[in-house]
Amino acid sequence: WFLGNALASLVLTPALYCAVQEAHRIRLATFNRRIEFFILATGLVLGSYVTFNLNWNHVTNSGFLLYLPMSFLIWAALRFNPLATSASLFVMNAMATFGALAGTGPFAATDSEFGVRSIQLFLLLPSIGIMFLSVLRQQQYQTHSALRESEQRFRLLVDTAPVMVWMSDSEGMCTFVNKPWLSFTGMPLEHHLDGGWL
């Protein structure tokens, strides 16, 4: 029960939390984003079915098939939010568990309890890694978004100030001048950048 509860907590808890927090964003998704998610979901379902629900007795060197769904999980973690990643993990975990219970796939065993336990052990570590990657990617996106907003506020404040403002790097090369500077000198921004302001 421990492994089942750990997998459920790892997969379902972030999905429920993100569904409540980001419900408005789902409705605002663009058409291209929805198409991309549909392709991802279709590939994940087909890849998970091939991996966990087909008879592997006639396949030689079949160990590589275990990693077929991983490319779709990495895609979900890097391109979508933790909600889509949790949903993708749920689909893969459910198909793997049902395949083990049905006695098909790589974890088919005469003892179905052993098959479920082995599939849970196999899925726990990649699920932790994929969720960690997804959360890191989401945090990076939020940090970049906040940084862009802060820079836009700074530029708006500096461009509306009634004084001439310029910035330079550690070598004295100009990196920024505000609009009052440009209107006072009457020259384009490109003329002032680097050493041109001297």
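# Helix contacts and packing

Visitor: Hi! Which residues in α3 meet α5, and which in α5 do they meet?

Guide: On the α3 side there are Phe37, Leu40, Leu44, Val45, Ser48, Tyr49, Phe52 and Asn53; these meet Ala84, Ser88, Val91, Met92, Met95, Ala96, Phe98 and Gly99 in α5. Keep in mind that this is a predicted model.

Visitor: At what angle do the axes of α3 and α5 cross?

Guide: They cross at roughly 20°, and the axes come within 9 Å. Angles under 35 degrees count as roughly parallel, so α3 and α5 are roughly parallel to each other.

Visitor: Is that crossing of α3 and α5 left-handed or right-handed?

Guide: Right-handed, for α3 and α5.

Visitor: OK, and α4? How do the axes of α3 and α4 cross?

Guide: The α3 and α4 axes cross at roughly 155° and come within 8 Å. The cut-off for roughly antiparallel is over 145, which means α3 is roughly antiparallel to α4. Here α3 passes α4 in a left-handed crossing.

Visitor: Which residues in α3 meet α4?

Guide: From α3 you have Arg33, Glu36, Ile39, Leu40, Gly43, Leu44, Gly47, Ser48, Val50, Thr51 and Phe52. Their partners in α4 are Leu68, Pro69, Phe72, Leu73, Trp75, Ala76 and Arg79. Leu40, Leu44, Ser48 and Phe52 are among the α3 residues meeting α4, and they are also among those meeting α5.

Visitor: Let's close the triangle. What about the axes of α4 and α5?

Guide: Those axes come within 8 Å, crossing at roughly 160°. That is over the 145 cut-off, so α4 is roughly antiparallel to α5. The α4 and α5 crossing is left-handed.

Visitor: And which residues in α4 and α5 meet?

Guide: Pro69, Met70, Leu73, Ala76 and Ala77 come from α4, and they meet Ala84, Thr85, Ser88, Leu89 and Met92 in α5.

Visitor: On to the core. Which residues in the largest nonpolar core touch the most other members?

Guide: Phe52, Leu73, Leu89, Met92, Ile119, Phe122 and Leu123 do, out of 25 residues in that core. At least two core residues come from each of α1 (2-21), α3 (31-53), α4, α5 (82-102) and α6 (112-160).

Visitor: Which helix gives the most to this core?

Guide: That would be α6, with six residues.

Visitor: Zooming out, what is the secondary structure of the protein chain?

Guide: The protein chain has eight helices and two strands. Along the sequence the pattern reads α-α-α-α-α-α-β-β-α-α.

Visitor: How many of the residues are buried?

Guide: Buried residues account for 34% of the 198 residues in the protein chain. As for contacts with a separation of 6 or more, 56% of them are between residues 24 or more positions apart.

Visitor: I'd like a few single residues too. Where does Tyr141 lie?

Guide: Tyr141 sits in helix α6. Its relative accessible area is 38%, so Tyr141 is partly exposed. Tyr141 and Asn81 are 60 residues apart in sequence, with a C-alpha to C-alpha distance of 9.7 Å.

Visitor: And where is Trp166 found?

Guide: Trp166 belongs to strand β1 (residues 166-168). With a relative accessible area of 37%, Trp166 is partly exposed. Between Trp166 and Leu193 there are 9.9 Å in space, C-alpha to C-alpha, and the two are 27 residues apart in sequence.

Visitor: One more of that kind: where is Gly196 found?

Guide: Gly196 is in the segment after α8 (189-192). Gly196 is partly exposed, at a relative accessible area of 32%. The C-alpha atoms of Gly196 and Met173 are separated by 8.4 Å, and the pair is 23 residues apart along the chain.

Visitor: Last thing before I go: in which helix is confidence lowest, and in which highest?

Guide: Confidence is lowest in helix α2 (residues 23-27), where the mean pLDDT is 73, and highest in helix α4 (residues 68-79), at 90. Across the protein chain the average pLDDT is 82, and 88% of the residues score at least 70.

How values were computed:
Residues numbered from 1 in each chain as written. Predicted model: local features only at pLDDT ≥ 70, side-chain atom pairs only at ≥ 80, totals over all residues. Heavy atoms only, no water. pLDDT = per-residue confidence, 0-100. Helix = DSSP H or I, 4+ residues; strand = E, 2+ residues; numbered from the N terminus. Core = buried A, V, L, I, M, F, W, Y, C linked by side-chain atoms within 4.5 Å. Buried < 20%, exposed > 50% of the residue type's maximum accessible area, 1.4 Å probe, protein only. Axes fitted to C-alpha atoms, helices over the stretch in contact; angles between N-to-C directions. Parallel < 35°, antiparallel > 145°, perpendicular 65-115°, else oblique. Left-handed = near helix turned anticlockwise from the far one by under 90°. Contact = heavy atoms within 4.5 Å.
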